Amino acid sequence: MGKPGTQGRPKEGHPSGKLQLGIYWCASCGGCDIAVLDINEKILDVAALADIKLWPIALDFKYEDVRALPDKALDVSFINGALRNSEQVEIVELLRKKSKTVVAFGSCACWGGIPALANLFDRNQIFERVYGTSPSTVNPNRSVPALESRMPEGTLTLPTFYNTVYKLDDIIPVEYYLPGCPPPAELVAEAVDAIATGNLPPAGSVLAKEKALCDSCPRERAEKKVTTFRRVHEVQPDPDRCLLDQGIICCGPATRDGCGARCLEANMPCRGCFGPTPEAVEQGAKMLSAVGSIIEGRDEAEIKRVAAQVVDPAGTFYRFGLAASLLHRSYQERSLKEGVELDSRLDPTVVPTGKEAVT
Ligand code: SF4
Ligand code: SF4
Ligand code: SF4
């Protein structure tokens with residue numbers, strides 16, 4: 001990949017000589033779109049290099065504008081966020097058709113990210129909590145949004161809300177994965193340069209380093225023997241020693257390098273946002289194994305006592321990767337056995353029906 005600031009000539013293609021670019025968000029916090037703007041003066045390079053054809057958070061293009069484009073008219077689409085509803089699926093499928101290259105932009109698109117933690121619950125539980133039992137909700141009739149609402153002015157429609165949160169490559173083929181929550185500005189700038197110059201690695205590549213974060217961490221490491229786990233706000237960590245050695249869960253052993261160790265520089269543990277290391281099948285399982293191997297106890301009861309000090313294991317080990325995990329698959333299988341309704345992703349029967357719309 002090219003280095004930031006080494007932009008070459010745009011590839012031949014569009015008569016304007018500019019890269020034809022789409023940027024889209026699905027189930028996203030908006031941070032990934034901000035990350036594009038965060039490339040500072042490089043955004044001027046992007047403006048000089050690219051005609052932006054869709055960017056809902058920043059520019060007022062319509063889906064119809066994209067539908068009207070010839071197939072493969074876009075050189076690249078950056079798609080951020082996980083996928084949770086039918087509008088998101090419809091638009092990423094449209095962008096796939098219209099794009100030569102698709103980049104899964106950010107942890108949510110790559111592995112489901114924070115939104116995929118919702119896969120610990122099913123759709124009915126989520127609707128019950130959001131529209132029923134949350135402390136700030138007053139909704140005695142338990143009204144939930146309806147797919148269609150007839151109003152004097154016409155019929156209003158909402159997208160189908162799926163039972164499961166998906167990562168982008170569950171829905172469409174993806175050429176590149178740009179990790180991070182959000183991806184750092186340097187990596188975004190490198191990706192833009194690489195796409196503009198055609199200086200790209202093989203399709204399927206993750207656009208970050210090919211090693212674990214621990215491999216480049218400068219902190220001093222000892223043989224790990226942990227008898228107490230503590231959360232980072234409960235102690236003042238030694239900034240020179242490995243955080244895991246200090247009993248603070250740091251996901252460095254299971255996480256890909258490439259972020260510049262941003263959290264560690266701030267004396268905070270890695271939360272795993274760069275996804276699994278290149279050889280890891282499963283980031284959460286690798287991290288569970290790393291933690292399991294350092295617990296010291298005289299007997300099984302003591303080991304269990306130490307392990308129980310890890311608060312919120314699912315949120316700690318699967319914070320960014322639940323949609324990509326084996327655990328998620330077994331959750332689905334278990335749900336199936338238990339007869340819990342699962343969406344097949346395009347099945348509208350999973351949408352709540354028969355209740356009035358919230359107006
Ligand atoms: S990867 Fe992080 S910054 Fe990007 S949309 Fe997801 S939560 Fe937001
Ligand atoms: S576990 Fe964290 S603190 Fe320890 S070496 Fe790895 S990245 Fe550094
Ligand atoms: S240290 Fe970990 S959580 Fe922090 S930015 Fe890097 S990969 Fe993400």
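## Surroundings of ligand 1

In this predicted model, where local features need pLDDT of at least 70, side-chain atom pairs count only at pLDDT 80 or more, and totals for chains, interfaces and linings use all residues, ligand 1 is surrounded by 13 residues, the closest being C29, G31, G106, C108 and C181. A residue is taken as near a ligand if its C-beta atom, placed from the backbone, lies within 6 Å of it. Two elements, α1 (31-37) and α5 (107-111), each give two or more residues to this shell; helices (H or I, at least four residues) and strands (E, at least two) are DSSP runs numbered from the N terminus. By class the shell holds 6 nonpolar, 7 polar and no charged residues, where Ala, Val, Leu, Ile, Met, Phe, Trp, Tyr, Cys and Pro count as nonpolar, Asp, Glu, Lys and Arg as charged, and the others, Gly among them, as polar. Residues are numbered from 1 along each chain as its sequence is written, while chains are lettered from A and ligands numbered from 1 in the order in which they are written.

## Surroundings of ligands 2 and 3

Around ligand 2 there are 13 residues, of which C214, C217, C242, C250 and G252 come nearest, and this shell divides into 10 nonpolar, 1 polar and 2 charged residues. The shell of ligand 3 includes the cysteines C259, C263, C270 and C273, together with others such as L213, T255 and F274, and its classes come to 8 nonpolar, 2 polar and 2 charged.

## G113 and the cis bond at P182

G113 sits in the loop between α5 and α6 (123-133) and is buried, with 29 other C-beta atoms within 10 Å; the term buried needs 20 or more such atoms, exposed means 12 or fewer, and partly exposed lies in between, with C-beta atoms placed from the backbone. Leaving aside residues up to four places away in sequence, G113 touches A82, G106, S107, C108, C181 and F320, a contact being two C-beta atoms, placed from the backbone, within 7 Å. G113 is also 8.6 Å from Y318, C-alpha to C-alpha, although the two are 205 residues apart in sequence.

C181 is joined to P182 by a cis peptide bond with omega of about -5°, and P182 lies in the loop between β9 (176-178) and α8.

## The nonpolar core

The largest nonpolar core has 80 residues, and I79, A82 and A104 have the most contacts inside it; such a core is a set of buried Ala, Val, Leu, Ile, Met, Phe, Trp, Tyr and Cys residues joined through C-beta atoms within 7 Å. Helix α8 (residues 185-197) supplies the largest share, 8 residues. Because domain 1 (1-124 + 162-208 + 324-350) and domain 2 (213-319) both give residues to this core, it lies between them, the bounds being those of an automatic or database domain assignment. Beyond four places in sequence, I79 touches residues including Y24, C26, V92, A104 and L168.

## Two residues with positive phi

Most residues other than glycine have a negative phi. K72, in the loop between α3 (63-67) and β3 (74-80), nevertheless has a positive phi of about 60°, and R142, in the loop between α6 and β6 (148-151), has a positive phi near 55°. K72 counts as partly exposed, with 13 C-beta neighbours inside 10 Å, and R142 is likewise partly exposed, with 13 such neighbours.
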